Amino acid sequence: MTQFTSIKIAKYSDPVASAQVIFAAEELEFAAEAKGVMGAALENVTAAAKTADFKGKKSAIMHLLAPANMAAQRLIVAGLGKIEDLKAQDWVNLGGEVAGKLLALKAENAEVTLPATVTAEQAADFAQGALLRGYKFDTYRTVKKEKDDDKACEITLKVQSPDAVEPFWAEAEAVAQGTLLARTLVDEPANTLGPVEFAAKAQHLSELGVEVEILDEARMQELGMNALLAVGQGSVRPSRLAVMQWNGGKEGDAPIAFIGKGVVFDTGGISLKPGAGMEDMKGDMGGAAAVIGLMKALAGRKAPVNAVCVLGLVENMPDGNAIRPGDIVKTMSGQTVEILNTDAEGRLVLGDALWYTQDRFSPKFMIDLATLTGACMVALGGHRAGVFSDDDELAAQICDAGETTAEKMWRLPLGDEYDKMIDTPNADMRNTGGNRWGGASTAAVYLQRHTNEAKWAHIDIAGTAMGSKKNAISQGWASGFGVRALNRMIKDHYEG
């Protein structure tokens, strides 16, 4: 990938960059700092705004080329609307919108002068949005058309007190970098990112102080992870379990735990998927990508919390050695599962990973993330992720954090009526509900049977991790969904 935006924080000074960005509140109200940038051009800018019917509404942007009485080649005026009504995500989005305009104009450097009334945290939020907007996955492009020859933009964010902004920016940047890691992994083709290569990405986090263990197939076999191993047995690429620990909290405190589905490519196995659109299944490790991105964010900002992240990394391929419909395997929990459909593989991987996590770490709670079911996409589209939980407080914390960060979620039901659908006379359970109805919930109750009654939530990100609607801070295929929301939840509720 290429990162087309870089951010610096600096104190107010005379404008130097070729592109200048200022802000106007509702009814074209300019702060003193904006007026200082415009200088003698204020009257011309005001006249241009009247002609363009630009009144400073939120997210409106006016661009002036070579404005009279200014040395700058470009002046961009971004609307704030009612500044007192702006929430944290509004500032993130505004940063993305301004960066998007600068990138579209191919501006190579820009100075963004924020009003003095903007808080240090709001300035950091703006910078985070600008950084996230600069992501583009172009790693494998060797020939580029002239119109696609993007220019990187160095953005200097000018504020009243850089020293006050820097600590907030250090945290916001760490979260952004975690999100960018998640995006990059989802975008990466499966031929270069197998289970072993993904595990190596986890190993790299040791540079941030994360303790990392990689379990190979022999170790997982000893532990009885037969369901996870069954999914990967049709592939020539060996499966892995990556275990990451961040010990930033009090010694002895139980950790919080996150588990990610990492199916690096999902053909469906013997229950082969249709060919159309199968290329998107390189993103079936979006849950694992979000979890490793979250761990990078926590370690990067040195979060005062103990956290465990576990990634189940496999490839689901059709082969003479692949699992078959009708096979029965014994999970790490000791329960047996009848495989009705080998394309319902993610829950097999997560079931063993969940049991391992609760058994080894006894966490305060477990949250798993997975691109698990098309049924969740049918219910919620690409607008929200589905949340399933046996704990009302945990579910509310997740959904509230999603609203705050615009990584929106919606709680969907568990219950005995769904649990009964995965009963089978041939084993302790089966891996589907037997028909297409309630598929997101039957997948969730399968996972619930592997939690050992630990406090737990499942987030189905099938519709939001990849291919979702573009927005102010995400213009690519992979979104990095989940990193920012879960980081917010942790910061709000679980840090000392």
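Which residue in S9 is the bridge partner of Ala110? In this predicted model, the partner of Ala110 in S9 is Ile155. The two strands concerned, S7 and S9, pair in the parallel sense, with five bridges between them. Strand S9 also pairs with strand S2 (residues 5-11), again in the parallel sense, over seven bridges. In that pairing, Thr5 stands opposite Cys153 of S9. Six of the seven residues of S9 are buried, and the strand is therefore largely enclosed by the rest of the structure.

Strands S7 and S9 are also connected through their side chains. Lys158 and Glu111 form a salt bridge, with an N to O distance of 3.4 Å. Because Lys158 belongs to strand S9 (residues 153-159) and Glu111 to strand S7 (residues 109-113), the pair ties together parts that are 47 residues apart in sequence. Both Lys158 and Glu111 are buried.

The count of salt bridges in the model comes to 22. Another of these joins the side chains of Arg219 and Glu222, at 3.0 Å from N to O. Arg219 and Glu222 are three residues apart in helix H7 (residues 217-223), so about one helical turn separates them. The two residues fall into separate accessibility classes. Arg219 counts as partly exposed because its relative accessibility is 38%, while Glu222, at 61%, counts as exposed.

A further salt bridge is found between the side chains of Arg449 and Asp419, with an N to O distance of 3.0 Å. This pair links distant parts of the chain, 30 residues apart: Arg449 is in the loop between helix H14 (439-448) and strand S20 (456-460), and Asp419 is in helix H13 (residues 416-419). With a relative accessible area of 18%, Arg449 is buried, because buried means under 20%. Asp419, at 22% relative accessibility, counts as partly exposed. Elsewhere, Lys261, Asp284 and Glu345 are joined into one network by salt bridges that share partners.

A second group of strands forms an open sheet. Its three strands follow the order S14-S15-S19, and their pairing is mixed. Strand S14 (328-330) and strand S19 (429-430) stand at the edges with a single partner strand each, so one side of each has no neighbour in the sheet. Strand S15 (residues 336-338) and S19 run parallel and are joined by two bridges. Within this part of the sheet, Val337 stands opposite Met429 in S19.

Strands S5 and S6 run antiparallel and are joined by five bridges. One of the residues involved is His63, whose bridge partner in S6 is Ile76. The two faces of strand S5 (residues 61-65) are unlike in cover: Met62 and Leu64 make up the covered face, whereas Ile61, His63 and Leu65 make up the uncovered one. His63 thus combines a place on the uncovered face with a bridge to Ile76. The loop between S5 and S6 contains Ala68. This residue is partly exposed, at a relative accessible area of 43%. The C-alpha atoms of Ala68 and Glu43 are 9.8 Å apart in space, and the two residues are 25 residues apart in sequence.

After strand S6 (74-81), the chain enters the loop that precedes helix H3 (88-104), and Asp85 lies in this loop. Asp85 counts as partly exposed, with a relative accessibility of 47%. Together with Glu26, Glu27 and Glu84, Asp85 forms a negative surface patch.

Backbone angles set two residues apart for comment. Most residues other than glycine have a negative phi. Leu28, which is not a glycine, has a positive phi of about 55°. Leu28 is located in the loop between strand S3 (19-25) and strand S4 (29-30). Its relative accessible area is 18%, and Leu28 is therefore buried. Ala406 is likewise not a glycine and has a positive phi of about 65°. The place of Ala406 is also a loop, between helix H12 (392-405) and strand S18 (409-411). Ala406 is partly exposed, with a relative accessible area of 41%.

How values were computed: Residues numbered from 1 in each chain as written. Predicted model: local features only at pLDDT ≥ 70, side-chain atom pairs only at ≥ 80, totals over all residues. Heavy atoms only, no water. Patch = residues over 30% accessible without salt bridge, like charges linked within 9 Å, V, L, I, M, F, W, Y side chains within 5 Å. Areas by Shrake-Rupley, 256 points an atom, 1.4 Å probe, with all protein chains shown as cover. Salt bridge = Lys/Arg side-chain N within 4 Å of Asp/Glu carboxyl O. Lys, Arg positive; Asp, Glu negative; His and termini not counted. Charge placed at Lys NZ, Arg CZ, Asp CG, Glu CD. Helix = DSSP H or I, 4+ residues; strand = E, 2+ residues; numbered from the N terminus. Buried < 20%, exposed > 50% of the residue type's maximum accessible area, 1.4 Å probe, protein only. Pairing = 2+ DSSP bridges.
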